[in-house]
Amino acid sequence: MAYQAKRSKKVIEEFELVDENDKVVECLKVDLSAPGLTEKIRQKYVALVNIQQEVQGVNAGNNSQEEVMRACTLLGTAVVDLIEAVFGREDAEKIVAFYEEGYSEMVIEVLPFISEVVLPRMNEIRKESKKATLSKYNRRQRRAFAKRGL
């Protein structure tokens, strides 16, 4: 029997932009099995969480208008960066245009998809990939990998 090398299955999630009349305006596809996507999304998500924590200390009453605007800009940039990491630049522009730069509404509608669908699914993919990789090695090799933290 010949050695077989298989391609992994593509994991695609769909995200629909629906207008106020319940009409699907755009259906965006997110390929969660794309190489390097997991790390890119994790980095952008961690950056967003860090900026959220930093911005929580800023409020309009105790800080200058410049500081509040800087905090809002940082937060907005982090949100758009995360959306670009998940959807790609072209689809992220479609999302921003769809919400007519209404960032608050966009955050309320788009970020739950990322945190409740994309991130958990990526964790599953990572676990499955690790399990499949380790299953190709014998017990001694698996233990060596485990000791190294792989």
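User: Before looking at helix α3, how should I read the word buried, and how are helices assigned?

Analyst: Buried means under 20% relative accessible area, exposed over 50%, and partly exposed in between, with a 1.4 Å probe and protein chains only; helices (H or I, at least four residues) and strands (E, at least two) are DSSP runs numbered from the N terminus. This is a predicted model, in which local features need pLDDT of at least 70 and side-chain atom pairs count only at pLDDT 80 or more, while totals for chains, interfaces and linings use all residues. Residues are numbered from 1 along each chain as its sequence is written, and side-chain values use heavy atoms, with hydrogens and water left out.

User: Which residues of α3 are buried, and why do they line one face of the helix?

Analyst: An α-helix has 3.6 residues a turn, so residues three or four places apart point the same way. In α3, residues 89–98, the buried ones are D91, A92, I95 and V96. Seen down the helix axis they fall within an arc of 145 degrees (taken from the directions from the axis to the C-beta atoms), so they line one face. The face turned away from that buried side carries the exposed residues E90 and A97.

User: What does I95 touch?

Analyst: Counting heavy atoms within 4.5 Å as contact, and leaving out residues up to four places away in sequence, I95 touches F15, L17, L28, I83, F87, M106 and V110.
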